Amino acid sequence: MQRCIELAMSGFGYTAPNPMVGCVIVYEDKIIGEGYHIACGQPHAEVNAIKSVKDHSLLPHSTLYVSLEPCCHHGKTPPCTDLIIEKGIKNVVVGMKDPFPEVSGKGIDKLKRNGINVIVEMMEDECAELNKRFITYHTKKRPYIVLKWAQTADGFIDTDKDLTKTSRPNWITSPNLKMLVHKWRHQEQSILVGTKTAMADNPKLNVREWVGENPLRLVIDQHLELPLNLSIFDNSIPTIVFNEKIDKQEGNNIFIKINFSEKIEYQIMEELYKRKIQSVIIEGGRVVLQTFIESNLWDEARVFHGNQYFGKGTKAPEISSDDIYKYNIGNEKVSYLINKA
């Protein structure tokens, strides 16, 4: 099962809205086939693993390990349960049940009804961690929410800026960490910033230092104050602008009206859920980050700790968690906070 998880990780950033899944086929304690779900719309892990087996006469005497319950419905690909049954595989070990309502226990039941011995919940916690975005989307009916910011040694995320004109961001961490940030962007389906961050930093919010898909760009602009010559309006990537005035689309720029007298964070998550967006990384600014923190509407936070001192400026968000771990990247530190509430 550990190998299944390792294989599944190879699809990170490419399978959404499908889950990441790995599959291994074992005959007499030896792996004779393995595969993973490479990308949405392509064959599932079980199909790729079975296809990789050179001698299919061994399959009825083998055990199939898979990190997530095999599907039993017709989507973009045929049901994996049907293929497992067709190949005469008699033993299947499943990491965890699929929370997707179309599957959710039905795949396991179908295998059992066809005389297959099924073992469930093998390394379940590790398999759940693998697909925490997929699980959150289907169980909590919202995207998985990642908060991210960098703060100085004296607790600031930015200096004071003149918001009447755009300027370059003040880098708190070294350029070496840019690649990691862009990798994180590629791994999430959307990215959110507020009006001040968009105006002050003029960010592109894309993936440039890593290979992969760009996330859907999201910006909160209540009064539609942001000039259309900003990078986020360059039409290169679909961009949603949450505002209080209009609902319309101009090219790749989509303006969605929400009620700013109500909690906007829940409205934004509801819209993303409707659009089948399973994850969002929130990169600022402080007001936006703190809004999600105070609503306890977040799943994890990633905080870079730089060595600079600003003395004054915009204070870093205030957040706490009993589940936190830290590590170093060169001379800089990264904190991971997990929200288990």
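**Surface patches, backbone geometry and salt bridges in a predicted model**

On the surface, a patch of negative charge is formed where Glu121, Glu124, Asp125 and Glu126 gather. The structure described here is a predicted model, and the features reported below are computed from it. Within this patch, Glu126 belongs to helix H5, which covers residues 124-130, and its relative accessibility of 41% places Glu126 in the partly exposed class. Glu121 is found in the loop between strand E5 (117-120) and H5, and Glu121 also counts as partly exposed, at 48% relative accessibility.

The backbone of this loop deserves a separate remark. Although Glu121 is not a glycine, its phi is positive, at about 70 degrees. Met123, which lies in the loop between E5 and H5, likewise is not a glycine and has a positive phi, of about 55 degrees. With a relative accessible area of 25%, Met123 is partly exposed.

A patch of another kind, nonpolar in character, is formed on the surface by Tyr14, Met179, Trp210 and Val211, which together have about 400 Å² of accessible area. Tyr14 is placed in the loop between helix H1 (2-8) and strand E1 (22-27), and Tyr14 is partly exposed because its relative accessibility is 37%. The loop between H1 and E1 also holds Pro17, which is joined to Ala16 by a cis peptide bond with an omega of about 10 degrees. A cis peptide bond also joins Gly284 and Gly285, where omega is about 0 degrees; Gly285 lies in the loop between strand E13 (279-284) and helix H10 (286-294).

Considered as a whole, the chain contains 10 helices and 17 strands. Its radius of gyration is 23 Å, close to the 20 Å that the globule rule gives for 341 residues, so the chain is as compact as a globular protein of that length. The C-alpha trace spans about 70 × 45 × 35 Å along its principal axes, and buried residues account for 50% of the 341 residues.

Side chains of opposite charge can pair when their charged atoms come close. In the whole structure, a search finds 17 salt bridges. One of these is formed by Glu34 and Arg3, whose closest N and O atoms are 2.7 Å apart. Because Glu34 lies in strand E2 (residues 30-36) and Arg3 in helix H1, this pair ties together parts that are 31 residues apart in sequence. Glu34 is partly exposed at 28% relative accessibility, and Arg3 is partly exposed with a relative accessible area of 33%.

A salt bridge within a helix is provided by Lys274 and Glu270, with an N to O distance of 3.9 Å. These residues are four apart in helix H9 (residues 264-274), so about one helical turn separates them. Lys274 counts as exposed at 58% relative accessibility, whereas Glu270, at 45%, counts as partly exposed.

The salt bridge between Arg302 and Glu300, in which the closest N and O atoms are 2.7 Å apart, involves buried residues: Arg302 has a relative accessibility of 4%, and Glu300 has a relative accessible area of 1%. Both values fall under the 20% that marks a residue as buried. Arg302 and Glu300 also take part in a network of salt bridges that links them with Glu129, Lys132, Arg133 and Glu188.

How values were computed. Residues are numbered from 1 along each chain as its sequence is written. This is a predicted model: local features need pLDDT of at least 70, side-chain atom pairs count only at pLDDT 80 or more; totals for chains, interfaces and linings use all residues. Side-chain values use heavy atoms; hydrogens and water are left out. Patches are made of residues with over 30% relative accessible area and no salt bridge: like charges are joined within 9 Å, nonpolar side chains (Val, Leu, Ile, Met, Phe, Trp, Tyr) within 5 Å. Accessible areas come from the Shrake-Rupley method with a 1.4 Å probe; for residues, only the protein chains shown count as cover. A salt bridge is a side-chain nitrogen of Lys or Arg within 4 Å of a carboxyl oxygen of Asp or Glu. Lys and Arg count as positive and Asp and Glu as negative; His and the chain ends are not counted. The place of a charge is taken as NZ of Lys, CZ of Arg, CG of Asp or CD of Glu. Helices (H or I, at least four residues) and strands (E, at least two) are DSSP runs, numbered from the N terminus. Buried means under 20% relative accessible area, exposed over 50%, partly exposed in between (1.4 Å probe, protein chains only). The radius of gyration is taken over C-alpha atoms; the globule rule is 2.2 Å times the number of residues to the power 0.38.
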